[in-house]
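Work through the exercises below with the model open beside you. Try each task before you read its solution.

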Amino acid sequence: MRTVAERAEVSTKTVSHVINGTGSYSPETEQRVRAAIDELGYRINPFARGLRSRRTDTIALVLPNLCQPFYAELAEQIMRAPQTQGLKVVLHSTHGTPGGSRRSCPRTRNWWTASSVTRPTVVLGERPADATALSLDYVESADEQGARAVVGHLLSRGRRRIAAIGGQTGPRAGARRLRGYRAALAEAGVDYDDSKVPSDVALAGFDDIEAARFASPPLTTVDLRRESIARTAVTLLRSRMGMEDFRNLPGRSESIGYDLRPRASSGAPPSGPG
């Protein structure tokens, strides 16, 4: 670490902060440190560090499943995030059941009704009210805003009978997207119609999975910025992992934006695979 600090012209403490995602430093400083790490081929040995510190430096990523592309790509982004360097990541699939969540987090067996949580925890995307009630950190994806944007795009292309497939009630992402969809229709003075779509349709989706770019035609979609979600989540988690008692810090909420990716499936001009 000392060699990395000398190459980047910073202190070893700054190198430690950049690696661990703690403390404060400028983007320019982070860039110099990471460039020095790459040039020197510096790699942390998490097992050796764990023996010295008596900490496992392991985070558990609990997902509904690892089959859907969005969750698989999110897991990849979390493992790649610079803030994850030096940590071991354990993946677990709940198979979409509450029982699966409890088994993956045995120390928080009454997960959404517990009065306290015994490990630093960050909630991604779902159940913001529950996260707030338990004073957990929460990273919110822009589901409602993204839905309004993509419906606005379809309206701008002259479409007036716009169907939402997959909407649902409750606090989850589908319900927030449905609210955004209906809000965009209302703003344009278009009545909500739950009948079947016509045979000639424009198609738009969510999540911007890799396959969307290479479909024929390429799929218009909302990119919820998985890389930003991953970086933010791990940064929040690491800041609690370094505390003597992480429960002294109130729950925090971070909102991640979105990018609309117009492509040929909605009649937008071709814009290439990106």
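Contact here means heavy atoms within 4.5 Å. Angles run from 0 to 180 degrees between N-to-C directions. The model is predicted.

**Exercise 1. The sheet and its helix**

Task: Find the order of the strands in the open sheet of three strands, then place helix H11 on them.

Solution:
- Step 1. Read off the order: E3-E4-E7, with parallel pairing.
- Step 2. Look for the edges. Strand E3 (122–124) and strand E7 (253–255) each pair on one side only, which makes them the edge strands.
- Step 3. Check the twist. From one strand to the next, the average is 15°.
- Step 4. Zoom in on one pair. E3 and E4 run parallel and are joined by three bridges. Opposite valine 123 stands tyrosine 138 in E4.
- Step 5. Recall how such pairs form. Strands of a sheet pair through backbone hydrogen bonds, either parallel or antiparallel.
- Step 6. Add the helix. H11 (residues 226–241) lies across E3, E4 and E7. Its direction is about 175° to E4.

**Exercise 2. H5 against H11**

Task: Classify the packing of helix H5 (residues 69–80) and H11 by their angle.

Solution:
- Step 1. Take the geometry. The axes are 8 Å apart, and the angle is about 50°.
- Step 2. Apply the cut-offs. Under 35 degrees is roughly parallel, and 65 to 115 is roughly perpendicular. H5 and H11 are therefore oblique to each other.
- Step 3. Give the hand. H5 passes H11 in a right-handed crossing.
- Step 4. List the residues in contact. H5 supplies Phe70, Glu73, Leu74, Gln77 and Ile78. H11 supplies Arg226, Glu227, Ile229, Ala230 and Val234.
- Step 5. Sort them by class: six nonpolar, one polar and three charged.

**Exercise 3. H8 against H9**

Task: Repeat the analysis for helix H8 (residues 143–156) and helix H9 (residues 173–187).

Solution:
- Step 1. The axes come within 7 Å and cross at roughly 40°.
- Step 2. H8 and H9 are therefore oblique to each other.
- Step 3. Their crossing is right-handed.
- Step 4. Name some of the residues in contact. Those of H8 include Ala147, Val151 and Leu155. Those of H9 include Arg177, Tyr181 and Ala184.
- Step 5. By class, the contact has eight nonpolar, two polar and seven charged residues.

**Exercise 4. Two faces of a strand**

Task: Which side chains of strand E1 (residues 58–63) are buried?

Solution:
- Step 1. Follow the side chains along E1. They alternate between two faces.
- Step 2. Take one face. Ile59, Leu61 and Leu63 point there and are buried.
- Step 3. Take the other. Thr58, Ala60 and Val62 point that way and are not buried.
- Step 4. Find the neighbour. Six bridges join E1 to strand E2 (residues 88–93), and the two run parallel. Isoleucine 59 has valine 89 of E2 as its bridge partner.

**Exercise 5. Buried or exposed?**

Task: Is histidine 153 buried or exposed? What about leucine 136, buried or exposed?

Solution:
- Step 1. Set the cut-off: buried means under 20% relative accessible area.
- Step 2. Histidine 153 is in helix H8. Its relative accessibility is 10%, so histidine 153 counts as buried.
- Step 3. Check its contacts beyond four places in sequence. Histidine 153 touches Thr220, Leu260, Pro262, Ser266 and Ala268.
- Step 4. Leucine 136 lies in the loop between helix H7 (128–133) and strand E4 (137–140). Its relative accessible area is 6%, so leucine 136 is buried.
- Step 5. Compare sequence with space. Leucine 136 and serine 253 are 117 residues apart in sequence. From C-alpha to C-alpha, they are 8.5 Å apart.

Key
Residues numbered from 1 in each chain as written. Predicted model: local features only at pLDDT ≥ 70, side-chain atom pairs only at ≥ 80, totals over all residues. Heavy atoms only, no water. Helix = DSSP H or I, 4+ residues; strand = E, 2+ residues; numbered from the N terminus. Parallel < 35°, antiparallel > 145°, perpendicular 65-115°, else oblique. Left-handed = near helix turned anticlockwise from the far one by under 90°. Nonpolar A, V, L, I, M, F, W, Y, C, P; charged D, E, K, R; others polar. Buried < 20%, exposed > 50% of the residue type's maximum accessible area, 1.4 Å probe, protein only. Pairing = 2+ DSSP bridges.
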